[in-house]
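Subject: Structure handover

Hello,

Here is the structure I promised to pass on to you. Please have a look at it first, and then read my notes below.

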Amino acid sequence: MANNMMKAIVKDKMAPGATLKQVPIPEIGDLEVLIQVKATSICGTDVHIYAWDEWSQSRVKPPYVFGHEFAGVVVKKGKLVNNVEIGDHVSAETHIVCGHCPQCLTGQAHICANTQIIGVDRDGCFAEYVALPAENMWKNDPSLPFEVASVQEPLGNGVHTVLAGDVAGKSVAIIGCGPIGIMSVGVAKAAGASQVIALDLNEYRLDLAKKMGATSLVNPGKENPLEVVSQLTNGYGVDVVCEMSGHPVAMNQGFKMVKNGGRVSILSLPVKPVEIDITNDIVFKGITVQGITGRRMYETWQQVSGLLSSGQVDVQPMITHHFSLEEFEKGFELMLQGNCGKVVLHP
Ligand SMILES: [Zn+2]
Ligand SMILES: [Zn+2]
């Protein structure tokens, strides 16, 4: 911190791309901490911002530092901070919530009406240092490798989705094997699912789903997923569908492959409204449909820590690439192509 400057990946223009720059190390407020970032992973959201798609054009305001998934060490704390100490290993809940809306007041802060997201609505962690509210810190066991700790936030999305209902002894389909889908396979296995069926068009990602414990792999580009799932479930369909693709065709297949009385939990964010046969695929089937956003604060984080520290979920096979901050463009290119699991940057 000699000259009070640091390296950071700045979303500096209203256009595709980003630039590695020297920027001032952020100042902290009385309720904030400064964290030295040791590992930061690239999320789908960051890829949207990098590519400058419609969503990011409507939401983010360059110039700012993006990135939100990380693990690091507290190096400075505000004078009113008492929940973490200098030297603590931490990650962060990336949703900064208001604490006073109806949701926050009833234990549902993950759907706070006034949510701000790190690296989207304020400066993020693609940098050597990040300043954040101490309230959002999640303390990590120091024995947890930084790259593993950096993926707890997206793992939390998977845990929240898979464990939003009963899983033990049930058949689970994971539609869409991006990093969260791949980790969700491991979560469903750890939670005692009898079958975990992974569906994706990308063979590289299906292979990672296999390494995470998928019992069946389905490539809808090569075979009819409804036929395969029907065969695997004696014609009844799966108990649980976790929708993580956001693709309208795959989403419809999800509603058709769930058995009567089953559950469809949707984490994906389709870019446009999706047409669903509510009469036949929801009402007559008597299914439960859930929207899943963020992580329950902080039940999901406790589950994530438990699954990692016990070894019930091993995310290492899913962390496929490592780069320095300077090499970020290689990481983003890989993410755009899809032939990767999680890409971790090391500042
Ligand atoms: Zn993320
Ligand atoms: Zn709130």
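**Overall shape**

The protein chain has a radius of gyration of 20 Å, which agrees with the value near 20 Å that a compact globule of 347 residues would have. Please keep in mind that this is a predicted model. Taken along the principal axes, the C-alpha atoms of the protein chain fill a box of roughly 65 × 40 × 35 Å. The secondary structure comes to eleven helices and 18 strands.

As for packing, 54% of the 347 residues count as buried. If you take the contacts between residues at least 6 apart in sequence, 67% of them join residues at least 24 apart. The accessible surface of the protein chain comes to about 14,900 Å², and carbon and sulfur atoms account for 52% of that area.

**The zinc ion**

Which protein residues are the donors of the zinc ion (ligand 1)? They are C43 through SG, H68 through NE2 and E69 through OE, and they lie 2.1 to 2.4 Å from the ion. C43 is in the loop between β3 (32–41) and α1 (44–51), while H68 is in the loop between β4 (64–65) and β5 (69–77), so this pair ties together parts of the chain that are 25 residues apart in sequence. Written as a pattern, the spacing of the donor residues is C-x24-H-E. Are C43 and H68 buried or exposed? Both of them are buried.

**Salt bridges**

The count of salt bridges comes to 17. Let me take you through a few of them.

D12, K13 and K21 are linked in a network of salt bridges. Within this network, D12 pairs with K13, and their closest N and O atoms are 3.5 Å apart. D12 also meets K21 side chain to side chain, again with 3.5 Å from N to O. D12 has a relative accessibility of 19% and therefore counts as buried, the cut-off being under 20%. K21, with a relative accessible area of 35%, is partly exposed.

Another salt bridge joins the side chains of K222 and E203, at 3.0 Å from N to O. This pair links distant parts of the chain: K222 sits in the loop between β13 (216–218) and α7 (225–232), E203 belongs to helix α6 (residues 203–211), and the two are 19 residues apart. K222 is exposed, as its relative accessible area is 65%. E203 is partly exposed, at 41%.

**A nonpolar patch on the surface**

You may also like to look at I278, V283 and F284, which form a nonpolar patch on the surface. Together these residues have about 340 Å² of accessible area. F284 is found in the loop between α9 (278–283) and β16 (288–291). Is F284 buried or exposed? With a relative accessible area of 63%, F284 is exposed, since the cut-off for that is over 50%.

**Two loop residues**

I also looked at one residue in each of two loops.

A15 lies in the loop between β1 (5–11) and β2. Its relative accessibility is 26%, so A15 counts as partly exposed. Leaving out residues up to four places away in sequence, A15 touches Y50 and W52. From A15 to K139 there are 124 residues in sequence, and their C-alpha atoms are 36 Å apart in space.

D30 lies in the loop between β2 (19–24) and β3. D30 is partly exposed, with a relative accessible area of 36%. What does D30 touch, not counting residues up to four places away in sequence? The contacts of D30 are with G78, K79, L80 and V81. D30 and G181 are 151 residues apart along the chain, and 38 Å separates their C-alpha atoms.

That is what I have for now. Happy viewing, and best wishes!

How values were computed
Residues numbered from 1 in each chain as written. Chains lettered and ligands numbered in written order. Predicted model: local features only at pLDDT ≥ 70, side-chain atom pairs only at ≥ 80, totals over all residues. Heavy atoms only, no water. Patch = residues over 30% accessible without salt bridge, like charges linked within 9 Å, V, L, I, M, F, W, Y side chains within 5 Å. Areas by Shrake-Rupley, 256 points an atom, 1.4 Å probe, with all protein chains shown as cover. Salt bridge = Lys/Arg side-chain N within 4 Å of Asp/Glu carboxyl O. Helix = DSSP H or I, 4+ residues; strand = E, 2+ residues; numbered from the N terminus. Buried < 20%, exposed > 50% of the residue type's maximum accessible area, 1.4 Å probe, protein only. Donors = N, O, S within 2.8 Å, 3.2 Å for Na, K, Ca; no water. Rg over C-alpha atoms; globule rule 2.2 N^0.38 Å. Contact = heavy atoms within 4.5 Å.
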